[in-house]
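Student: I've got a model open and a pile of labels to go with it. Can we go through what earns each one?

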Amino acid sequence: MNITTLGASGIECEAAGLGTWAMGGWMWGGNDDAAAVAAIRASLDAGVRLIDTAPAYGLGHAETLVGEALKGRRHEAVIATKCGLVWHTRLGTHFFDEADQPVHRHLGRESIFHEAEQSLARLRTDYIDLYITHWQDGTTPVAETMDALLDLKRQGKIRAIGVSNATPDILAEYLRCGPVDAIQERYSLIDRDIESTLLPLCREHGVASLGYSSLALGLLAGPTDPARQFTGDDQRAGNPRFSAANRERLKAFFEELAPLRQRLDCSYAQLMIAWTTRAGGVSVALCGARTPQQAMQNAAAARLTLDPAAIAAIDAAAARHLNTLD
């Protein structure tokens with residue numbers, strides 16, 4: 001598999017990581033715990049070490065599933081989890097409600113220590129490999145947040161520090177206060193803003209980049225029936241990107257790429273994941289999975305290397321069909 005290192009931490013992982021947001025159930029139309037645990041174990045079996053999770057994914061539920069799946073296998077995994085979305089305090093700023101709980105953005109020192117202990121317990125481990133500030137908190141100085149993270153690192157409770165959903169100015173402030181090993185930001189063929197904003201700063205400072213939503217909530221996983229309905233709390237139900245018209249445009253995009261997919265003997269999803277980790281892309285593509293089959297499919301993308309002609313073909317097809325997505 002294609003291997004990368006998380007900044008200066010020395011922690012190595014594959015170019016594809018497993019994302020567990022959907023396993024928490026919230027905003028994804030429910031969940032299947034047994035299938036989720038099996039998917040995590042299937043990822044490890046397929047050679048994927050990085051498991052990305054967060055307390056906010058089901059108010060601790062996804063972390064609990066990761067802890068269950070890693071019993072006896074903790075040494076095989078690189079665990080990334082997060083802090084900064086809290087429901088134990090009303091400090092910070094209100095962000096959303098989940099399961100009737102108000103969730104706030106808060107990255108104060110004492111709150112981070114509390115969150116770290118809660119995550120360690122749910123994950124059934126005594127250390128977190130990569131600890132990421134999930135969303136930024138305008139009410140707490142970055143210096144205070146970084147000081148808390150550095151203390152956790154000195155205590156051996158975390159090994160590396162990450163920042164997510166940040167502007168270049170906020171990332172630069174973190175870098176002034178201490179070492180940042182990785183960022184985590186939305187990145188896909190149709191979400192490329194960080195190429196001109198955050199990625200240059202990361203390269204300058206040796207910061208790894210983890211791209212979430214590599215398949216754009218599944219939109220880029222392959223042709224989807226325009227008549228398919230998303231129900232319940234599934235966030236795609238109200239997302240204009242998933243309109244029937246857009247899915248028709250995507251059908252034409254995938255049809256154009258069919259010969260390339262066949263030549264490389266891969267799925268459309270694997271093609272899109274490999275594109276995100278090409279030269280100039282992110283270090284690691286985080287891919288959600290809720291079944292062992294999906295996990296193994298995503299893992300195979302870490303073995304796929306695209307040559308310049310393949311990258312050019314994907315970019316050209318995207319320019320023809322995806323620039324018009326509503």
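Student: Which residue is the bridge partner of Gly19 in β13?
Tutor: In β13, Gly19 is partnered by Gly288. Bear in mind that this is a predicted model, where local features need pLDDT of at least 70, side-chain atom pairs count only at pLDDT 80 or more, and totals for chains, interfaces and linings use all residues. Residues are numbered from 1 along each chain as its sequence is written, and side-chain values use heavy atoms, with hydrogens and water left out.

Student: What makes β3 and β13 a pair?
Tutor: Two strands pair if DSSP finds at least two bridges between them. Strand β3 (residues 16–19) and β13 are joined by 4 bridges and run parallel, so they pass that test. Strands here are DSSP runs of E with at least two residues, helices are runs of H or I with at least four, and both are numbered from the N terminus.

Student: How many bridges link β12 and β13?
Tutor: β12 and strand β13 (residues 284–288) pair over 2 bridges, in the parallel sense. That meets the cut-off of at least two, so they count as paired. Leu210 stands opposite Val284 in β13, and Gly211 is opposite Ala285.

Student: What do these pairings belong to?
Tutor: A closed barrel of 8 strands, running β3-β4-β5-β9-β10-β11-β12-β13 with parallel pairing. From one strand to the next the twist averages 30°.

Student: Why is β13 called largely enclosed?
Tutor: Because 4 of its 5 residues are buried, β13 is largely enclosed by the rest of the structure. Buried means under 20% relative accessible area, exposed means over 50%, and partly exposed is in between (1.4 Å probe, protein chains only).

Student: Is Asp52 in β4 buried or exposed?
Tutor: Buried: the relative accessible area of Asp52 is 2%, and the label needs a value under 20%. Asp52 sits in strand β4 (residues 50–52). Leaving aside neighbours within four places in sequence, Asp52 has contacts that include Leu18, Gly19, Lys82, Gln184 and Leu286. Contact means heavy atoms within 4.5 Å.

Student: What about Asp129, buried or exposed?
Tutor: Asp129 has 1% relative accessibility, so it counts as buried. The residue lies in strand β9 (residues 128–133). Not counting residues up to four places away in sequence, Asp129 touches several others, among them Ile11, Arg74, Val78 and Arg159.

Student: What makes Asp129 and Arg159 a polar contact?
Tutor: Their side chains are joined at 2.7 Å. A polar contact is a pair of N or O atoms within 3.5 Å; within protein, one must be able to donate a hydrogen and the other to accept it, and residues adjacent in sequence count only if both atoms are side-chain atoms. The distance fits, so the label holds.

Student: Arg74 touches Asp129, but what does its charged end sit over?
Tutor: The ring of Tyr127, at 4.0 Å from the centre. A charge sits over a ring if NZ of Lys or CZ of Arg is within 6 Å of the ring centre and within 35 degrees of the ring normal. Arg278 also gets this kind of label, lying over the face of Trp275 at 3.8 Å from the ring centre.

Student: How many aromatic pairs are there?
Tutor: The structure holds 6. Phe95 and Phe96 make a tilted pair, with 5.1 Å centre to centre and 50° between the planes.

Student: Why is that pair called tilted?
Tutor: Rings of Phe, Tyr and Trp (its six-membered ring) pair if their centres lie within 6.5 Å; planes under 30 degrees apart count as stacked, over 60 as edge-to-face and the rest as tilted. At 5.1 Å and 50°, Phe95 and Phe96 therefore count as a tilted pair. Together with Trp135, Phe95 and Phe96 form one aromatic cluster.

Student: Which of the burial labels does each Phe get?
Tutor: Phe95 is partly exposed at 29%, whereas Phe96 is buried at 17%.

Student: What stands out about the phi of Asn165?
Tutor: Phi is positive, about 50°, although Asn165 is not a glycine. Asn165 lies in the loop between β10 (158–164) and α5 (168–177), and at 14% relative accessible area it is buried.

Definitions and conventions: Axes fitted to C-alpha atoms, helices over the stretch in contact; angles between N-to-C directions.
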